[in-house]
Amino acid sequence: MMRLTMMVNQCKAECLRVFRNPYYIFWSLVMPLAFYVIFTRIANTDIADARQWQAHYLMSMAAFSVMGSAIMTLGIRLVQERTQGWTTFMRLTPMPGSVYFFSKMFGQTMIHLFTILFIFIAGFLINGVSLALWQWLGCGLWIWLGSIPFLAIGTLVGTMKRTDTASGVSNMLYLLLAIGGGMWIPLDNMPVLIQHIGEWLPSYSFGNGAWSIVSGSGIQWMNAGILILYLIVFMLLAVYFQKKQQAV
């Protein structure tokens, strides 16, 4: 019972901390909305099927937002807390390490729910995006659960020694995944080499799952398999580097 109370309180604290972070507000909310307005209201206004494009790009920006929050917000915060001695302090408290890390992951997924809802409402208000209820729910659930492999990447970033290094690496990784995964510009419009590479990136599978639901074709299970594979790989790497740090 005490462990459950610790976990609930720690999860609440994590949610409050993220919402107070201007870095999160910019990268996870303001920047995706700016891209959405630019690519649906300013550029590409003469596209053949504007409504389909607006819904498609809405899912791109929702996935883009959640991916950035998972990689950068979580990763950089883990590095900051370790370099500032907070992680060492937590080891001296009665709180188990498992509760500490679970609260990090859980708190971040709760933030992702808010982010998805925020982006969806913005798409409805800005462009009047209209989807069937099952499509809204399916896309929201896919993006929410599909963010877990990127939380693993964030945890891996969190094993870095310096905050500025983690910030630079996470920003670069985030932008490369967004571009290579077709979140800014559809992969079909990219050079052939980038298309071949992009199809195997976790960001493409992440976005393509939502795009498929919007188009009415349902979930592509290959995308789910690729995301699960990436989750396993990045979690194993994160655990390995964390154990290596603790052994030093």
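A nonpolar core is a set of buried Ala, Val, Leu, Ile, Met, Phe, Trp, Tyr and Cys residues joined through side-chain atoms within 4.5 Å. Keep that in mind for the views below, which show a predicted model.

**View 1. The whole chain is built from helices, 11 of them with 0 strands.** Walking from the N terminus, you meet α-α-α-α-α-α-α-α-α-α-α. Of the 248 residues in the chain, 49% are buried. Take the contacts between residues at least 6 apart in sequence: 81% of them join residues at least 24 apart. The accessible surface comes to about 12500 Å², and carbon and sulfur atoms account for 72% of that.

**View 2. The largest nonpolar core holds 58 residues.** Met59, Ile143 and Phe206 have the most contacts inside this core. Eight stretches of the chain are listed as each supplying at least two of its residues: H2 (22-42), H3 (50-83), H5 (97-127), H6 (133-146), H7 (148-157), H8 (163-180), H10 (202-215) and H11 (221-247). The top contributor is H3, with 18 residues. As a bit of background, nonpolar side chains in soluble globular proteins tend to be buried together.

**View 3. Here is Phe206 and the company it keeps.** Set aside the neighbours within four places in sequence, and Phe206 is in contact with Ala63, Val66, Met67, Trp142, Ile143, Gly146, Ser147, Phe150, Met183 and Leu227. One of these partners, Ile143, is also among the residues with the most contacts inside the core.

**View 4. Helix H3 gets a close-up from end to end.** Its 34 residues, at 1.5 Å each, should span 50 Å, and the end C-alpha atoms sit 48 Å apart, which agrees. Look at Ser69 and you'll find a bend of about 25° in H3. Because 27 of the 34 residues of H3 are buried, this helix is largely enclosed by the rest of the structure. After H3 comes Gly85, with a positive phi near 85°.

**View 5. Two rings meet at Phe120 and Trp136.** The structure holds 12 aromatic pairs. In this one the rings are tilted, with 5.1 Å centre to centre and 55° between the planes. The pair links distant parts of the chain, with Phe120 in helix H5 and Trp136 in helix H6, 16 residues apart. Are Phe120 and Trp136 buried or exposed? Both are buried.

**View 6. Four aromatic residues gather in a cluster.** The members are Phe35, Phe64, Tyr174 and Trp184, and ring pairs link them.

Key. Residues numbered from 1 in each chain as written. Predicted model: local features only at pLDDT ≥ 70, side-chain atom pairs only at ≥ 80, totals over all residues. Heavy atoms only, no water. Buried < 20%, exposed > 50% of the residue type's maximum accessible area, 1.4 Å probe, protein only. Helix = DSSP H or I, 4+ residues; strand = E, 2+ residues; numbered from the N terminus. Contact = heavy atoms within 4.5 Å. Phe/Tyr/Trp six-rings, centres within 6.5 Å; stacked < 30°, edge-to-face > 60°. Expected span 1.5 Å × (residues − 1). Bend = angle between axes of the 7 residues up to and from the residue. Areas by Shrake-Rupley, 256 points an atom, 1.4 Å probe, with all protein chains shown as cover.
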